[in-house]
Amino acid sequence: MITLIRKLFIKNYRDVDQEIVRLNHGKVASIFGIIINAILVSLKLTFGIIANSIALIGDAINNLSDVSSSLVTLIGFRLASKPADREHPFGHRRIEYIAGLIVSIIVIALAVSLLTTSIERIIASSISEYNLWTFIILGISILLKILQFAIYFSFAKIIHSVALKATAIDSLGDILATAILLIGALIAYYFDLSLDGYLGIAIAIFIAINGIKLVKETASPLIGEALKKEDVDQIIAKIKNYPGVIGLHDILTHSYGRDKIFMSVHLEVDGHQDVFSLHRLIDKIEKDIKKEFNVELLIHMDPLDLSDEFMVKVEKEIINILLTINPDLKLHEFSLTRSGHQLMISFELLYPYSEKRKEEVITSLILGKLKGLHHEDIVLNISYERPYYLDE
């Protein structure tokens, strides 16, 4: 079904990396959502008024908000597809996240309104009058919502869209809410129990929970998310395979949408190599990473003096010490200066969020173990930093 819809309405539907194809996926999903929800609003509102059911009318209002959500998503996709301009050199892709956030706020506002109305309904002891048509409408509603969820969720996975995923989760909440309403209507019809207000509260809670989850999911990339460690590790492994690369550190990542990812690293190389050869190496790495991972990579070169055997020896000692403290502690920017009987040791230490001990505790552990290996006085200067990708 999903493939058929894509074939019928999206030209070159398989080329999802093309901006126009991605935009068309968003447009088709949004238009389907608008049509389905418009039908449901008309049916539920009509029969909700006839049955005097606040739960059914509330479900209709929920679908009306879904029409607004689909419109917001549609507009968001169109604006997000705009190319970069003078004011926005990184493009407009984050507008898609803003659209998802607006949808989330609409969902929460609806939940609050429905909750208030349902409580008033319970206090007033209003009675709903359900009939066979009510059950038919609710059954049709569930089927149409399942179709809508399938379209949204499938398209969201295909084009990696946060906004479509938000609307898909909203649709899933609608399915559960309408199912609860149907069960309650059947109970009221066969057992003469008025559960309408209570069902309205249950539906409001479902909607609110989904709305809060959506706010968190859509706001997170706007605030600025770290890339997943496995994605960063793939790029790091690729860079380390190039001849002449000794190591890398100070990895920074940030994104302006799914296909606008930027990364910078400090690349450790032998400082005695020809600078022009190193420049060619760095230029090749940047171009290869762009081609394979679609990541804009900027490399800062850190030349190392590998001829100082004592410095290399001490650095290896500290690396081994770090392994005994926490294998996730990573050392870089190492330097060593001798002054009489004193060793001045400086380096930066990647300090993962999983490490809960304070910096001074880590420093004390390293210094204590180093003093057991050297007779000189040791002055330790460590700069701690947190990773800019997800380390856990």
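## Close-up views of two strand regions

**View A. Ile345 of strand 5 and its partner in strand 6.** In this predicted model, Ile345 has Leu380 of strand 6 as its bridge partner. The two strands run parallel, with nine bridges joining strand 5 (residues 342–350) to strand 6. Look also for helix 11 (residues 359–371), which packs on the sheet and touches both strand 5 and strand 6. The direction of helix 11 makes about 145° with that of strand 6.

**View B. The open sheet of strands 4, 5 and 6.** Here three strands are arranged in the order 4-5-6, and their pairing is mixed. Strand 4 (330–339) and strand 6 (377–385) each have a single partner strand, so one side of each edge strand has no neighbour in the sheet. From one strand to the next, the twist averages 15°. Helix 10 (residues 309–325) lies across strand 4 and strand 5, and runs at about 135° to strand 4.

**View C. Strand 2 with strand 1.** Strand 1 (residues 247–255) and strand 2 are antiparallel and are joined by seven bridges. To find your way, start at Ser255, which stands opposite Ile261 in strand 2. Seven of the ten residues of strand 2 (residues 261–270) are buried, so the rest of the structure largely encloses this strand.

**View D. Strand 2 with strand 3.** Ten bridges pair strand 2 with strand 3 (residues 295–304), this time in the parallel sense. One pair to pick out is Leu267 and its bridge partner in strand 3, Met301. Between strand 2 and strand 3 the chain passes through helix 9 (residues 275–293), making a right-handed β-α-β crossover.

Note on methods
Residues are numbered from 1 along each chain as its sequence is written. This is a predicted model: local features need pLDDT of at least 70, side-chain atom pairs count only at pLDDT 80 or more; totals for chains, interfaces and linings use all residues. Side-chain values use heavy atoms; hydrogens and water are left out. Buried means under 20% relative accessible area, exposed over 50%, partly exposed in between (1.4 Å probe, protein chains only). Helices (H or I, at least four residues) and strands (E, at least two) are DSSP runs, numbered from the N terminus. Two strands pair if DSSP finds at least two bridges between them. A crossover is right-handed if, with the strands pointing away from the viewer, the path from the first strand over the helix to the second runs clockwise. Axes are lines fitted to C-alpha atoms, for helices over the stretch in contact, and angles run from 0 to 180 degrees between N-to-C directions. Contact means heavy atoms within 4.5 Å.
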